[in-house]
Protein chains: 2
Amino acid sequence: MNMSSSIPGAQMVGRLAKVLRAVSTSMPEGSSTIQIARVVDLPRPTVHRLLSALTEEGFCDHDHRKGLWLLGPEVYLMGAVAAERYDITSIARQHVEALADATGESAFLSARRGDETVCLLRQDGSFPIRSFVLYEGKRFPLGVASAGLAILSFLDGDAIDRYLANHSLVVEHGESHDVDTLRQRIVQTRTHGWSLNPGLIVEGSWGMGAAVFDPSGQPAWSLSLTGIESRFSAARRPEMGRLLLRHAHELTKKLCH
Amino acid sequence: MNMSSSIPGAQMVGRLAKVLRAVSTSMPEGSSTIQIARVVDLPRPTVHRLLSALTEEGFCDHDHRKGLWLLGPEVYLMGAVAAERYDITSIARQHVEALADATGESAFLSARRGDETVCLLRQDGSFPIRSFVLYEGKRFPLGVASAGLAILSFLDGDAIDRYLANHSLVVEHGESHDVDTLRQRIVQTRTHGWSLNPGLIVEGSWGMGAAVFDPSGQPAWSLSLTGIESRFSAARRPEMGRLLLRHAHELTKKLCH
DNA sequence: ACGGAAGCGTCCGCGTTGTGGACGGAGGGA
DNA sequence: TCCCTCCGTCCACAACGCGGACGCTTCCGT
């Protein structure tokens, strides 16, 4: 979200983007006008206007009975066209499924999108107790959750410094996300090769992640696992870490060809 | 595209929608600024500004070397979220494939989007000469091509009248698309149950289509076949029509549950 | 039943912000 | 070299997006 763009028209587009993202995040139930207004921090009439205009163009849809706004068909259509360029999920799916099979936990593919990660794929494992902190479409800032930490940890040092200087994660994500603690966890992630989220978002919901690199060597995606604390014991973590790294490495190789 | 909306903000959103659709239509190669400006009939600087703002938000991407604008990752991400609500292609795929197998022609699923159809699925058959007039993402006005004619033909009489009164298809699609000729072809389509495009868009490229109905009984999709003229002989058409109607009917039933 | 809170959608005067003609630069072809 | 086409940028101006206020509806608690 660029707050200081010099491009005329960028304010409107930025607002539309925020509104669409809020709607997207609230799928499949959708959101009310006021909920979206709170999320995007804009006056309700403004949000209502934007949503109405988006609905006229098919980018949103309005369930009048429930008063909920949803993504519209136009988003789906364009998304399908864009998939040809952006979709690595067909390649990654077998890895996500293999991770879920081997560990019994829920396995994920997340992608870096600027300063955030967004979950693209989820495959549940055989263990019947599952964490739903992460799911398709869910976004977290870099450094939050195992996927975001894995990606952040393998950015260039300058990029890490810039990100940490410009983002304060404590308010929304707790003291465990202050800069000093994050730096320690970055060091640990680089040492192990995999990241650990020891219940820092929701108590009892643990996760591990490994970065997947794009052809230019930048961490652009992450494979991760989530589950309950007892399934992420210190004895089990090295094995899970090895599995994650193996699949992340194989996926990275596939994406370079 | 609503030209007389009373919603403030609708002009801007409408312009953005047109620009995004133009980019989407030009995928996977993308388009130059001036190409999009011509398609959407807006001044080039305006288009450049809109595209730049959309690119800042991730809805478009700019290949600086080639000067081409493409759909951005945000469209893909939201599209994947919206797919949960709008995607019937997984259900329809087996029908499209079965049609291609049985006939040897290219088979399609198209969806109605307001006054247009858009192609969602394409499956090529075994016959090695194929028409590429229709492909995923391609849009035609209702009444044009076999899919659009199939859907238009089974709308309510009032809706057909309104559409024909408000749209002149002759300029872009030829004299064969004047109102009187379209009405005759609508009568024929209703009689047979399937529509025929006898090389009216590109000479030698023929097509047949059948409407698929949504739970409220409205024609919302179409299954169609395209190929070369010699493959759509008068002797073969009843059999192909029967196949189309059978699959359209089965798909319609699946969509009602 | 009544009152309050919360949310809904709409309105319209105002001023913020989007607009596009003009400009200079780049690239390609004759 | 000249011409054509396209590129991205600029900034004065007014078009159009904005949002406080309004009236209405629904839900909940007393």
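Here are a few notes on this predicted model, taking the symmetry, the cysteines and one helix in turn.

1. Start with how the two chains sit together. A turn of 180° with a shift of 0.0 Å along the axis lays chain A on chain B, and the RMSD is 0.1 Å. The copies are therefore related as by a two-fold rotation axis. If you want a landmark in chain A, look at Gly79(A): its C-alpha is the nearest to the axis, at 1.8 Å. Both copies use the same surface, as 100% of the contact residues of chain A recur in chain B.

2. On the cysteines, don't go hunting for bridges: a search of the whole structure, over all chains, turns up zero disulfides. Take Cys60(B), which is in no disulfide; the nearest cysteine sulfur belongs to Cys60(A) and is 17 Å away. Cys60(B) counts as buried because its relative accessibility is 2%, below the 20% cut-off. Cys119(B) is buried too, also with a relative accessible area of 2%.

3. Helix H7 of chain A (residues 157–166) is worth a look for its two faces. Its buried residues are Ile160(A), Tyr163(A) and Leu164(A). These cover an arc of only 95° around the axis, so they lie on the same side of H7(A). The face turned away from that buried side carries exposed residues, namely Asp158(A), Arg162(A), Ala165(A) and Asn166(A).

4. What do the buried residues of H7(A) pack against? Their partners in chain A are strand S5 (139–141), helix H6 (145–153) and helix H9 (179–192).

Technical notes:
Residues numbered from 1 in each chain as written. Chains lettered and ligands numbered in written order. Predicted model: local features only at pLDDT ≥ 70, side-chain atom pairs only at ≥ 80, totals over all residues. Heavy atoms only, no water. Least-squares fit on C-alpha atoms with pLDDT ≥ 70 in both. Contact = heavy atoms within 4.5 Å. Disulfide = S-S within 2.5 Å. Buried < 20%, exposed > 50% of the residue type's maximum accessible area, 1.4 Å probe, protein only. Helix = DSSP H or I, 4+ residues; strand = E, 2+ residues; numbered from the N terminus. Arc of directions from axis to C-beta.
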